[in-house]
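Here are some comments on the model, written for a reader who is meeting a structure of this kind early in their studies. Please keep the view open while going through the numbered points.

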Amino acid sequence: MAMVPSGFLWKRTLLQRGMIAAAIFLAGSISFVPRIAAQGPLALAAARNASNAPARPKLVVLLVVDQMRGDYVDKFLGQWTGGLKRLVEEGAWFRDAAYPYAATETCVGHATISTGAFPATHGMVANAWWDRKDQKMVTCTADPDPNVKNIGYAGATPQGADTAWRMAVPSFAEELKFQTSGATRIVTFSLKARAAITMAGHKADAATWFDGGAWVTSSPYGTLPFIEEQAKSHPAKADFGKTWSLSLPESAYWYGEKALGAVPPGGWDLTFPHALRGKSGVGEPDPDFYNHWASSPYADTALTELAEKTVDALNLGKAAGTDFLAVSYSTVDYVGHAFGPRSREIQDILVRLDKDLGTLFTHLDAKVGRGNYVVALTADHGVVPVPEDMQRTGADAGLLHLPELQKRIEKALEAFKYPKPAVASVSGSDIYFAPSVYDKLQHDPAAMQAVLDAALEQPGVAAVYRAEELRDRPATQSLMHRAFAYSYFPGRSGDLFILPKPYWLLDGTPLGTPRAYGTGHGVPYNYDQHVPVLLMGFGIQPPSPPCAESPSPPATATSLPTP
Ligand SMILES: [Zn+2]
């Protein structure tokens, strides 16, 4: 499947097995940009350079952009001048990386990046799933251990307890720490617990996320004094009253002023500028203000500042081990859910992120040293266009209404005398039956067929898979069947699985309620599976030979024009 580019000269340590393997692992098929896959003299020249370099990077920087589709790099590269551009120009760009599994969600994607395993192995099958034992929804990071508690910085008192205990295999960072006998420092940041925690693993020096207006962590992870200091001196509420305006001339935007079918956060309309004032529009920061903040460039900048402070405070890259710093930028996901991928907001938030990443890399160059650190940037999943916007193109697109699907299944089982309700939960593509119902259905072909027929009659349903078809990861030529099998983890996954038609959005909004978002993700189609993978820095061969005496690439090596 994946081709390992010959440009990767640093092959012997676990970093390649971990980070790069994870990057490669998530690709069903990776086509590598030929300009960095040159053989022969070019590779030899780089090998000579590599022999002067330290045996391992001083720092590994993992950057995840939540909901960044693979095609965004091709589309918007021309408007970038900062870190995203630098990654493309100085790094290795995997243009065709894609998750091969069905459950393209945040917790799943981050756990896959972090472990190099698929959800069938790491067990993080969704952001949240139906817990059959407790008969309730649980989030992927919810920890029932009464000794575990979330801890707030700057005096915050968060609810809950979140850890990686449901992640069935260690993270790359954990393994790195283990192999350096604890010398590796692990620090992760995100707005989301399910991203910060999965990137860190079960233990870390710090794993920090944002909840209810404050930075928080939980008891298995340490608190660090400089995070406390930053949380106090640069609180999110200091951005109250600021405005998100277009950063490029209006003519630079691909899309109209108002994204069709978009559902902005409460208190915002569909046109720039977006003011960070909360719903009330006056006074104090309220929950709507924090939604605005999280959906604005200010949140990305805050995460970047935390990353830079970490480098300074811990002297990352200066200790005995290879340090690990990870940031998951959540804002693109919030903006994408609200405004869709074909919006000025998405275009602008990436321009802003490009600038933040440029600042971060400049900081790393100064403090860790260019060439001493390695960066991997990728995404946890993509996103489907807003259905109303897609319909305008004439495509078959729509909303697959899950509450209606649930009603159809209940109705289909009425004739077969099953307990009511027969369906315990429909969560994304997973249908969970009430206790013992699915066991019974498996021995009741007529009732099973009635359920499958009812599901297939729902507008937008392309196929339905049964758990027993996925359980043993059967050999199959069907990409869709295989995608659901890669996502299947016994006990946590559903009993039946819905594959929507392409461009049909799984919508769980209760009947008669307006939907609270523009669009989403979570299915095995290219728009959700295809993500960028960009590697840069230590051990990653840049596009052109870095030293003057390097011979020209052989005639057989093809070069692509700089995009
Ligand atoms: Zn999302």
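1. What spacing do the donors of the zinc ion follow along the chain? They follow the pattern D-x3-H-x183-H. The model is a predicted one, and in it the protein donors are D333, which is listed with two OD entries, together with H337 through NE2 and H521 through NE2, at 2.1 to 2.6 Å from the zinc ion.

2. The spacing can be read together with the helix that carries part of the site. D333 and H337 are four residues apart in helix 12 (residues 331-339), so about one helical turn separates them. As background, an α-helix has 3.6 residues a turn, so residues three or four places apart point the same way. D333 is also buried, with a relative accessible area of 3%, which is under the 20% limit for that word.

3. How are the four donor atoms arranged around the zinc ion? The angles that they subtend run from 54 to 159 degrees, and the arrangement is therefore irregular. For orientation, the ideal angle for four tetrahedral donors at a metal is 109.5 degrees.

4. Turning to the chain as a whole, the protein has 563 residues, of which 58% count as buried, and its secondary structure comes to 20 helices and 19 strands. Among contacts between residues at least 6 apart in sequence, 75% join residues at least 24 apart.

5. One open sheet is formed by nine strands in the order 2-19-12-1-11-6-7-8-5, with mixed pairing. Strand 2 (92-98) and strand 5 (150-152) stand at its edges with a single partner strand each, so one side of each has no neighbour in the sheet. The twist from one strand to the next averages 20 degrees. At one of these edges, strand 5 pairs with strand 8 (residues 214-218) in the antiparallel sense over three bridges, and I151 has T217 of strand 8 as its bridge partner.

6. Helices pack against this nine-stranded sheet. Helix 8 (residues 193-200) touches strand 1 (59-65), strand 6 (186-190), strand 7 (206-211) and strand 11 (323-329), and its direction makes about 160 degrees with that of strand 6. Helix 11 (residues 297-313) lies across strand 6, strand 8 and strand 11, running at about 175 degrees to strand 11.

7. The loop between helix 7 (172-179) and strand 6 deserves a look, and T184 lies in it. Is T184 buried or exposed? T184 is buried, with a relative accessible area of 0%. Leaving aside residues up to four places away in sequence, T184 touches L176, K177, D205, G321, T322, D323 and F324. In helix 7, the residues F172, A173, E174 and L176 are buried, while S181, just after that helix, takes a positive phi of about 50 degrees.

8. A further open sheet consists of four strands in the order 14-15-17-16, and its pairing is antiparallel. Its edge strands are strand 14 and strand 16 (461-466), each of which pairs on one side only. Helix 17 (residues 445-457) packs on this sheet and touches strand 15, strand 16 and strand 17, whereas helix 19 (residues 479-487) lies across strand 16 and strand 17.

9. Within that sheet, strand 15 (residues 430-433) is covered on both faces, with D430 and Y432 buried on one side and I431 and F433 buried on the other. This can be read beside the general rule that in a regular strand the side chains alternate between the two faces of the sheet. Strand 14 (residues 423-427) pairs with strand 15 over four bridges, with S425 opposite Y432, and in their hairpin, which has two residues between the strands, G428 takes a positive phi near 60 degrees. On the strand 17 (residues 496-500) pairing, which has two bridges, D430 stands opposite F497.

10. Finally, which residues touch the most other members of the largest nonpolar core? Of its 122 residues, they are L63, M68, W215, W293 and F361. The largest share of this core, ten residues, comes from helix 13 (residues 344-369). Apart from it lies another core of 41 residues, among them L413, V437, Y438 and M448.

Key
Residues numbered from 1 in each chain as written. Predicted model: local features only at pLDDT ≥ 70, side-chain atom pairs only at ≥ 80, totals over all residues. Heavy atoms only, no water. Core = buried A, V, L, I, M, F, W, Y, C linked by side-chain atoms within 4.5 Å. Buried < 20%, exposed > 50% of the residue type's maximum accessible area, 1.4 Å probe, protein only. Pairing = 2+ DSSP bridges. Axes fitted to C-alpha atoms, helices over the stretch in contact; angles between N-to-C directions. Contact = heavy atoms within 4.5 Å. Donors = N, O, S within 2.8 Å, 3.2 Å for Na, K, Ca; no water. Tetrahedral: all angles 85-135°; square planar, octahedral: opposite > 155°, others 65-115°.
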